[in-house]
Amino acid sequence: MEPLTILKDFYGYNSFRGHQASIIDNVLQGKDTIALMPTGAGKSVCYQIPAMLLPGVTLVISPLIALMKDQVDGLNQIGISAAFLNSTQSHYEQRDIAESVLKGEIKLLYLAPERLFSENGQTLDLLKNSRVSLVAIDEAHCVSQWGHDFRPEYLNIGKLRDILPNVTFLALTATADLQTRQDIATKLRLNQPQWFISSFDRPNITYKVVQRSDGPQQLLEFLGHRVDQTGIVYCLSRMNVEETAAALQRKGFKALPYHAGLERSTRQRHQEAFIKDEANIMVATIAFGMGIDKSNVRYVVHMNMPQNVESYYQETGRAGRDGLPSEALLLFSYGDKMTLSRMIEKAENPDYVENMKQKLAKMVQFCQIQQCRRRFLLGYFDEKIPGDCGNCDTCLDKGEKVDMTIYAQMMLSAIARLQERYGLGYVILILRGSNAAKVSEHHKTLSVYGIGKEQPESFWKKLGNQLLVEGYIEAQGQDYPTYALTNLAWKKLKQKEKILLSLDKPDLRAKETGEYDSELFNKLKNLRFSLSRKLNLPPYLIFSDATLADMANKYPINAPNLLDIHGVGQAKADSYGNDFLKVIQQHVEENEIPIEKTNGSGKYPYDQKPGSFNTRPKSRSLGTATETLRLLKQGLNVEQITEKRNLARSTVESHLARLVEANLVANTSFLNQSEIDEIKEIQEQLATNLLKPLKEHFGEKYSYFQLRIATIVSNVQVE
Ligand code: ADP
Ligand code: ZN
């Protein structure tokens, strides 16, 4: 079998993405390979497909024990035999699995690295006695001391070479700076590995950074627009996690806390609930996420700035693994920098502290830049993109600045009058005419004292940050920064120029998710949920959101249609097809969605209410088309029928199309089989359900009518 055939038949995907095909090819040729691909790009198929094609067993080494079960369940779901060995299993279970491996019944065996060289040597014996064709090392960056996830057990993997000298090694990771990359090659003892480095861009994630003024309130506003969506909210401390989760629960959100201080069983229960879609918001410290593989996470919110860009990238990367539009929102406050620096400084090793401080400075820069954030992010990973991305807050907000001259002048003058020796908090106290004890009597006599009373503190905080972001003021000193005016500010003040700032970005609003019938999508989600309950499987192992969205766009109503859906392979179609088809058929019936729209001639226009799109009676009786059928059976051709019935040619053609659909006339009456095959092949290549691209492709060769006839998948007439 070809790799592509496996991708289609088992996974239900039409084509490989990025470097997948070349990686698989390289591995199949027996060459050591390193694949750097961002989260969600599809690393798994790079070893799963070779595993299917190679003779023996493929060893998958992964540090994430929690993930193994899901991965193995997922593989078994699509009909691939896989198993894992870990400490959660009983002795007997382990022996059973070992036997199956020896008998060659298992294609993929997942192991944690610490297991390889465990004292009794059982695992090594097993490996020596079975036919291992490939060793895949997931999260390969864990082998490097330079990375932020170093795991000493990974250093043992290199020793496997001595035991499995002629086996191909494939190392995969989603994060690796230059030093780590070198370590992967040497520490894993790879043999002249070939590198495949994919773009780290996650185009479906919209990056947003907002000044944090009132975090909990901002979060509520954000979530209020996304009540049905699934997401992760990261907080810095356990206490913040508890408080935030409780506050959200009080507001009626299905939110659960997760942090390392919770009982193990509680953590597990919350994680399960999230994975099973019983709770849709996980409020967590960064301890959460390494072990989960949930593809329909629509947003990741950071209530505080992460320590470095790597962590930010990794954490936001947990959104949108299914490729659908997703959001990453970071609430930033300059105070975060102080908190984090102090944490970093507690470390003993001065080199480490220096390294981490530099990383922190980059992270702050990311929050404060005025240019495209994606560009900055990718630049951090040594990747250049030609223009701005158009899908981050700075790109989206361009030109939405408002005239803030008066308020900016107030704040800038206050900073100047305070002789640039105070922090912004104090400047704001002065502007608002505060009587707080720390305000010195002498400052109460300044002309700026109290001039900004009518605006709340949150307004001034935002303004201060914007002045910082836009380069009007700059911070001086490390721990308790004071603020000074820049040349730009002095120039603007002297020349009385306008100061334009964007204070209220439209960043908390929700975004359209995609082109599909959301009513049907929700019905399908409910079905998935009840199936997942019944089968005790996480919902995304049944079908991903992307798959449901594709169904809610294409309305498959029979088995062949269903196999055309993204993410539906033969095994899943067999297991779940009928349940899903039933719901879709019923929805199509109830809403009188024209059947021709479901059969490849077009997309359902999602901006129209289903009920208003009524071009066909519910019973789908053939009406006057039966007369056309009668004439056709008498041997008349299209022209003759048109003439005889005195109808427009297009009307007769649409009768004929309906007759073909209803299986009353064969489509070969109008085209021969090879013509039909030719059209279908191009339709597949163009991956379209529309006739127009086909017409453009073929030009005069086929008429619209012929194209339509060729692309109809017939249905038995429903009375
Ligand atoms: P990673 O391990 O790189 O984070 P996964 O292997 O979990 O990513 O894949 C992410 C998602 O993309 C999975 O749902 C997977 O089935 C899907 N996927 C992988 N390859 C393809 C492909 N060629 N076309 C469509 N979807 C794919
Ligand atoms: Zn951008």
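Student: Into how many nonpolar, polar and charged residues does the shell around ligand 1 divide?

Tutor: This is a predicted model, in which local features need pLDDT of at least 70, side-chain atom pairs count only at pLDDT 80 or more, and totals for chains, interfaces and linings use all residues. Residues are numbered from 1 along each chain, ligands from 1 in the order written, and side-chain values use heavy atoms, without hydrogens and water. Among the 15 residues around ligand 1 are Y13, S15 and R321, where near means a heavy atom within 4 Å. With Tyr counted as nonpolar, Gly as polar and Arg as charged, the shell has five nonpolar, seven polar and three charged residues.

Student: What percentage of the area of ligand 1 does the protein bury?

Tutor: Polar side-chain atoms of Y13 and K43 lie 2.7 Å and 2.9 Å, respectively, from an oxygen atom of ligand 1 (polar contact: N or O atoms within 3.5 Å). Alone, ligand 1 exposes 570 Å² (Shrake-Rupley method, 1.4 Å probe), and the buried part is 84%.

Student: At what angle do the axes of α31 and α32 cross?

Tutor: Helices are DSSP runs (H or I, at least four residues), here residues 673-686 and 691-698. Their axes, lines fitted to C-alpha atoms with angles from 0 to 180 degrees, come within 10 Å and cross at roughly 115°.

Conventions. Helix = DSSP H or I, 4+ residues; strand = E, 2+ residues; numbered from the N terminus. Polar contact = N/O pair within 3.5 Å; in protein donor to acceptor, adjacent residues only side chain to side chain.
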